[in-house]
Amino acid sequence: MLHHPEFDPIALSIGPVAIHWYGLMYLVGFALVYVLGQWRLTRGHTSALTPRDLEDLIFYSVLGVVLGGRLGYVLFYKLDYFLAHPLHVFYLWEGGMSFHGGLIGVIVVLMLFARKKGLSFFTVSDFLAPLIPLGLGAGRLGNFINGELWGRPSDVPWAMVFPQSGTDVARHPSQLYELGLEGIVLFALLWWFSSKPRPTGQVSALFLIGYGAFRFLVEYTREPDDFLGLLAAGLSMGQWLSLPMIAAGIALFWFSAKKPSR
């Protein structure tokens, strides 16, 4: 049995300004997207986008992640609470973000960006999709450092006690599972798959299938939100939100297979 190291959530303090690890992981994530995106551009993975386009995409995607992630959390997880306390929607420092909401926010950003540039939505999303997983992994590392989103009780040899949970029960380190699957494995899969010409939309489809499937599986080891618990069919909210992703990804992969490779 292992014990969580109980890291100080504040990475650096400069006078009254405190830089938290979780916020720092967001910056690391977007930095990775930028570096990997520049690498792909210099190697001719697309002629439709320029380095300046990549910078604009990242800037607006940050807004999409933050606004979509927060609104998704409000709507999917704690709508009754925020209807009773509407001003708390803006209390971002108290935490509360939804990946699925952030994904919707980024999709809206990509739709607007593609329309402005006169490009196909999937031309843009296929380029961006392989860059995202390592950023997601950085976010899960931030969750682990904070000792939040811990797993369900377990007796596996690597089970870990999270004092932040208020108990001495050993649990799955589900944040690290997500780091490994949604971050590293999904990145390797998409990076390999996108290294060769594929029909437009297939890279995006594989991202939806891969993330949705990995998230669905990891949710079996992740402690459900105490204010929600398990929902219909014994599934968590994260699992129910992942199912449409998987279905949409399978449909997109099948339809895009009929298109010529780019």
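Below, a biologist quizzes a modeller on the terms used for this predicted model.

Biologist: Ground rules before we start?

Modeller: This is a predicted model, so local features need pLDDT of at least 70 and side-chain atom pairs count only at pLDDT 80 or more, while totals for chains, interfaces and linings use all residues. Residues are numbered from 1 along each chain as its sequence is written, and side-chain values use heavy atoms, with hydrogens and water left out.

Biologist: What makes a stretch a helix, and how do you know that H1 has the span expected of one?

Modeller: Helices are DSSP runs of H or I with at least four residues, strands are E runs of at least two, and both are numbered from the N terminus. The expected span is 1.5 Å times one less than the number of residues. For the 22 residues of H1 (residues 21–42) that gives 32 Å, and the end C-alpha atoms are 31 Å apart, so the two agree. Just after H1, glycine 44 has a positive phi of about 70°.

Biologist: How about H8, what span does that helix have?

Modeller: H8 has 17 residues and should span 24 Å, and its end C-alpha atoms are 24 Å apart, so that agrees too.

Biologist: Why is H8 called largely enclosed?

Modeller: Buried means under 20% relative accessible area, exposed means over 50%, and partly exposed is in between (1.4 Å probe, protein chains only). In H8, 14 of the 17 residues are buried, so the rest of the structure largely encloses this helix.

Biologist: Which residues of H1 are buried, and what do they pack against?

Modeller: The buried ones include Met25, Phe30, Val33 and Leu41. The buried residues of H1 pack against H2 (51–76), H5 (121–128), H6 (132–146) and H7, where contact means heavy atoms within 4.5 Å.

Biologist: Why are H7 and H8 called roughly antiparallel?

Modeller: Axes are lines fitted to C-alpha atoms, for helices over the stretch in contact, and angles run from 0 to 180 degrees between N-to-C directions. Under 35 degrees counts as roughly parallel, over 145 as roughly antiparallel, 65 to 115 as roughly perpendicular, and the rest as oblique. The axes of H7 (residues 174–193) and H8 (residues 202–218) come within 10 Å and cross at roughly 160°. That is over 145, so H7 is roughly antiparallel to H8.

Biologist: What is the contact between H7 and H8 made of?

Modeller: On the H7 side, Tyr177, Leu181, Val185 and Phe193 are among the residues involved, and on the H8 side Val203, Phe207, Tyr211 and Phe214 are among them. By class the contact has 13 nonpolar, 3 polar and 3 charged residues. Here Ala, Val, Leu, Ile, Met, Phe, Trp, Tyr, Cys and Pro count as nonpolar, Asp, Glu, Lys and Arg as charged, and the others, Gly among them, as polar.

Biologist: How do you know that H6 and H7 are roughly antiparallel?

Modeller: Their axes come within 8 Å and cross at roughly 170°. With the antiparallel cut-off over 145, H6 and H7 are therefore roughly antiparallel to each other. In this contact, Leu136, Arg140 and Phe144 are among the H6 residues, and Leu179, Glu182 and Leu186 are among those of H7. The classes come to 9 nonpolar, 4 polar and 3 charged.

Biologist: What makes H6 and H8 roughly parallel?

Modeller: They pack at about 25°, with axes 12 Å apart. That angle is under 35 degrees, so H6 is roughly parallel to H8. Ile132, Pro133, Leu136 and Arg140 of H6 meet Phe207, Tyr211 and Arg215 of H8. This contact has 5 nonpolar, no polar and 2 charged residues.

Biologist: Why is valine 109 called buried?

Modeller: Valine 109 has a relative accessible area of 14%, which is under 20%, so it is buried. This residue sits in H4 (residues 99–117). Leaving aside neighbours within four places in sequence, valine 109 contacts Tyr60, Ser61 and Gly64.

Biologist: And why is glutamate 55 called partly exposed?

Modeller: Its relative accessible area is 37%, so glutamate 55 falls between the two cut-offs. Glutamate 55 is in H2 and touches Tyr34 and Gln38, not counting residues up to four places away in sequence.

Biologist: What makes the phi of alanine 233 worth mentioning?

Modeller: Most residues other than glycine have a negative phi. Alanine 233, not a glycine, has a positive phi of about 65°. Alanine 233 lies in the loop between H8 and H9 (237–256), and its 71% relative accessible area is over 50%, so it is exposed.
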